[in-house]
Amino acid sequence: QAHLVESGGGSVQAGMSVTLSCAASGLTDSSYCMAWFRQEGRGPGSREGSRGIAYITTGDNRTAIDDPLKGRFTLSQDRAKNTLYLQMSSLKPEDTAMYYCAARTGSGCYYFGDRAFNYWGQGTQVTVNS
């Protein structure tokens, strides 16, 4: 059974940087599509309306970032630690959201919606204050 645990969220001032981590366990295939989703305006426990913002195929380390976030958000992984990172810089109040880590089996990856993902973390809240 796969298990994803996010960490690194918190409350920060606009303009600052935050790095989110997603520690994965139980993913036994050689490569997965993993992604970060964010869900704005709702509390934890509800992923309804969450939107994929960054994707990676862990086998070849190729990434895709939502166009409006390119240049501010970077996705990376440490395969030895089975950990995915989302580095967010120059944060804006509109980046305030619950951020979820997700993984999917099967072919395809980039820009898939939340229903395509099999495994989810519990989410971590990022609040950006103006």
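Is Cys 101 buried or exposed? Before selecting that residue, keep in mind that this is a predicted model, in which local features need pLDDT of at least 70 and side-chain atom pairs count only at pLDDT 80 or more, while totals for chains, interfaces and linings use all residues. Residues are numbered from 1 along each chain as its sequence is written, and side-chain values use heavy atoms, with hydrogens and water left out.

**First stop: Cys 101 and its partner**

Select Cys 101, which counts as buried because its relative accessibility is 0%; buried means under 20% relative accessible area, exposed means over 50%, and partly exposed lies in between, using a 1.4 Å probe and protein chains only. Add Cys 22 to the selection, and you will see that the two cysteines form a disulfide with their sulfur atoms 2.0 Å apart, where a disulfide is a pair of cysteine sulfur atoms within 2.5 Å. This pair links distant parts of the chain, since Cys 22 sits in strand β3 (residues 18-25) and Cys 101 in strand β9, 79 residues apart. Strands are DSSP runs of E with at least two residues, helices are runs of H or I with at least four, and both are numbered from the N terminus. Cys 22, also at 0% relative accessibility, counts as buried, and the link between Cys 22 and Cys 101 is left-handed, with -75° about the S-S bond.

**Second stop: the other disulfide**

The structure holds two disulfides, so select Cys 33 and Cys 109 next, whose sulfur atoms are 2.0 Å apart. The torsion about the S-S bond of Cys 33 and Cys 109 is about 70°, and therefore this disulfide is right-handed. Here again distant parts of the chain are linked, with Cys 33 in strand β4 (residues 33-39) and Cys 109 in the loop between β9 and β10 (119-120), 76 residues apart. Cys 33 counts as buried at 3% relative accessibility, and Cys 109 counts as buried at 6%. When bonded cysteines are counted along the chain, the disulfides follow the pattern 1-3, 2-4.

**Third stop: Phe 73**

Move on to Phe 73, which lies in strand β7 (residues 73-78) and counts as buried at 4% relative accessibility. Leaving aside neighbours within four places in sequence, Phe 73 is in contact (heavy atoms within 4.5 Å) with several residues, among them Arg 38, Ile 53, Ile 65, Leu 86 and Tyr 99. Show Ser 17 as well: the C-alpha atoms of Phe 73 and Ser 17 are separated by 9.6 Å, although the two residues are 56 apart along the chain.

**Fourth stop: two loop residues**

Which residue in the loop between β5 (51-57) and β6 (62-65) should you select? Choose Asn 61, which is found in that loop and has a positive phi of about 65° although it is not a glycine. Asn 61 is partly exposed, with a relative accessible area of 45%. Then go to Ser 90 in the loop between β8 (83-88) and β9 (97-104), where phi is near 45°, a positive value in a residue other than glycine. Ser 90 is partly exposed too, with a relative accessible area of 41%.

**Last stop: the whole chain**

Finally, select everything and colour by secondary structure, which comes to zero helices and eleven strands. Of the 130 residues of the protein, 42% count as buried, and the C-alpha atoms fill a box of roughly 40 × 30 × 25 Å, taken along the principal axes.
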